[in-house]
Amino acid sequence: MTDPTTAPEPVAHQKIDTSVPHSARIWNYWLGGKDNYPVDEEAGDEYTAVFPGIVTIARSSRAFLRRNIAYLVSEAGIRQFLDVGTGLPTAENTHEVAQRLAPDARIVYVDNDPMVLAHARALLYSSREGATAYIDADVTDPDRILAAAAETLDLSRPTALILSNILGHVADHDQARSIVTRLMDGLPSGSYLSVNDGSRGVDPVFEQAQDAYNNSGAVPYNLRTVEEIATFFDGLELVEPGVVPVTQWRPEPGSPTSEVIAEHGGLARKP
Ligand SMILES: C[S@@+](CC[C@H](N)C(=O)[O-])C[C@H]1O[C@@H](n2cnc3c(N)ncnc32)[C@H](O)[C@@H]1O
């Protein structure tokens with residue numbers, strides 16, 4: 001392991017507001033992580049009291065991401081990853097999965113949360129042969145993300161763009177689509193797009209819990225219909241089985257569940 005000498009300095013404590021529940025920290029709590037505050041636990045528990053299924057959604061979604069990366073490395077030969085809306089470090093981060101299979105894999109993480117920035121050092125322990133980097137940027141600024149990513153990735157070579165549970169933070173669907181299009185425009189033929197997101201129209205209790213959360217003062221997260229999620233892949237070649245509940249995307253043999261959950265995802269290749 002190399003020393004993450006390029007790791008950003010931890011941000012000043014006052015930039016991290018521990019009085020308001022925060023998406024990345026609540027998600028970390030549901031994933032079983034420790035990087036959260038009482039206010040996040042409280043908001044997370046309020047949510048699970050209405051909809052306990054969110055824990056399955058969070059964990060199934062991370063498992064989907066792991067299977068996507070394994071496919072990308074082992075079957076598609078991808079060695080570069082741009083993971084936008086990274087979240088707090090947890091088990092099986094993108095670079096850990098990718099570099100276990102291909103030590104020369106290069107990964108750029110992007111998030112706009114100061115708490116994620118403060119923990120970014122843990123995301124930067126790269127294998128000696130590969131590289132990892134962290135960009136403190138907003139998904140609504142795709143040009144800046146591409147320019148900064150080009151310092152670590154060779155964007156003339158196929159790259160996988162990962163958007164895992166981030167697009168719901170962009171409320172306007174047309175804006176979300178144009179962000180995805182702009183990011184994919186910056187990547188060459190043979191690149192891939194991986195998206196997974198909470199879905200509307202599957203489980204009314206999930207929608208009720210999400211509406212209450214969005215009205216609580218927390219940064220809102222907008223669920224999309226499966227059809228809306230599928231539009232992010234327009235113009236790309238979907239890898240089988242297409243856009244499906246994440247539990248049904250190439251489940252590992254003998255995996256315990258392929259139940260329909262309100263979290264849909266897919267992976268597609270840029271022609
Ligand atoms: C629900 S978490 C998902 C984390 C991880 N991708 C996963 O699927 O487990 C959403 C992440 O998106 C980040 N995020 C929210 N809005 C963002 C924005 N406008 N620009 C960049 N990142 C953002 C949050 O800080 C958080 O880390």
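**Exercise 1. The ligand shell**

Identify the residues that come nearest to the ligand in this predicted model, and determine how the shell divides by residue class.

*Solution.*
Step 1. The ligand has 18 residues around it, and those that come nearest are Trp-27, Gly-85, Asp-111, Val-139 and Ser-164. The model is predicted.
Step 2. Sorted by class, the shell residues comprise 6 nonpolar, 8 polar and 4 charged.
Step 3. Among the contributors to this shell, helix H1 (residues 23-30) gives the most, namely 3 residues.

**Exercise 2. Polar contacts and cover**

Determine which atoms of the ligand face the side chains of Trp-27, Asp-138 and Asn-165, and state how much of the ligand's accessible area the protein covers.

*Solution.*
Step 1. The cut-off for a polar contact is a pair of N or O atoms within 3.5 Å.
Step 2. For Trp-27, a side-chain N or O atom lies 2.7 Å from an oxygen atom of the ligand.
Step 3. For Asp-138, the partner is a nitrogen atom of the ligand, at 3.0 Å from a side-chain N or O atom.
Step 4. For Asn-165, an oxygen atom of the ligand is found 3.1 Å from an N or O atom of the side chain.
Step 5. On its own the ligand has 600 Å² of accessible area, of which the protein covers 94%.
Step 6. The largest pocket is the space that the ligand takes.

**Exercise 3. An aromatic pair**

Classify the arrangement of the rings of Phe-64 and Trp-249, and locate both residues in the chain.

*Solution.*
Step 1. Two quantities describe a pair of aromatic rings: the distance of the centres and the angle of the planes.
Step 2. Rings pair if their centres lie within 6.5 Å, and planes over 60 degrees apart count as edge-to-face. The count of aromatic pairs comes to 6.
Step 3. The ring centres of Phe-64 and Trp-249 are 5.6 Å apart and the planes stand at 75°, so this pair is edge-to-face.
Step 4. Phe-64 belongs to helix H3 (residues 54-74), whereas Trp-249 is in the loop between strand S8 (244-245) and strand S9 (263-269). The pair thus links distant parts of the chain, 185 residues apart.

**Exercise 4. Backbone geometry in two loops**

Describe the peptide bond that joins Glu-240 and Pro-241, and give the sign of phi at Asn-165.

*Solution.*
Step 1. The bond between Glu-240 and Pro-241 is cis, with omega about 10°. Pro-241 is found in the loop between strand S7 (237-238) and S8.
Step 2. Asn-165, a residue other than glycine, has a positive phi near 60°. Asn-165 is located in the loop between strand S4 (160-164) and helix H7 (173-185).

Key:
Residues are numbered from 1 along each chain as its sequence is written. This is a predicted model: local features need pLDDT of at least 70, side-chain atom pairs count only at pLDDT 80 or more; totals for chains, interfaces and linings use all residues. Side-chain values use heavy atoms; hydrogens and water are left out. A residue is near a molecule or strand if one of its heavy atoms lies within 4 Å of it. A polar contact is a pair of N or O atoms within 3.5 Å; within protein, one must be able to donate a hydrogen and the other to accept it, and residues adjacent in sequence count only if both atoms are side-chain atoms. Accessible areas come from the Shrake-Rupley method with a 1.4 Å probe; for residues, only the protein chains shown count as cover. On a 1 Å grid over the protein atoms alone, a cavity is a set of points where a 1.4 Å probe fits but cannot get out, and a pocket is an open set with protein on both sides within 12 Å along at least five of seven lines; lining residues have an atom within 4 Å of a point. A molecule sits in a cavity or pocket if more than half of its atoms lie within 2 Å of its grid points. Helices (H or I, at least four residues) and strands (E, at least two) are DSSP runs, numbered from the N terminus. Ala, Val, Leu, Ile, Met, Phe, Trp, Tyr, Cys and Pro count as nonpolar, Asp, Glu, Lys and Arg as charged, and the others, Gly among them, as polar. Rings of Phe, Tyr and Trp (its six-membered ring) pair if their centres lie within 6.5 Å; planes under 30 degrees apart count as stacked, over 60 as edge-to-face and the rest as tilted.
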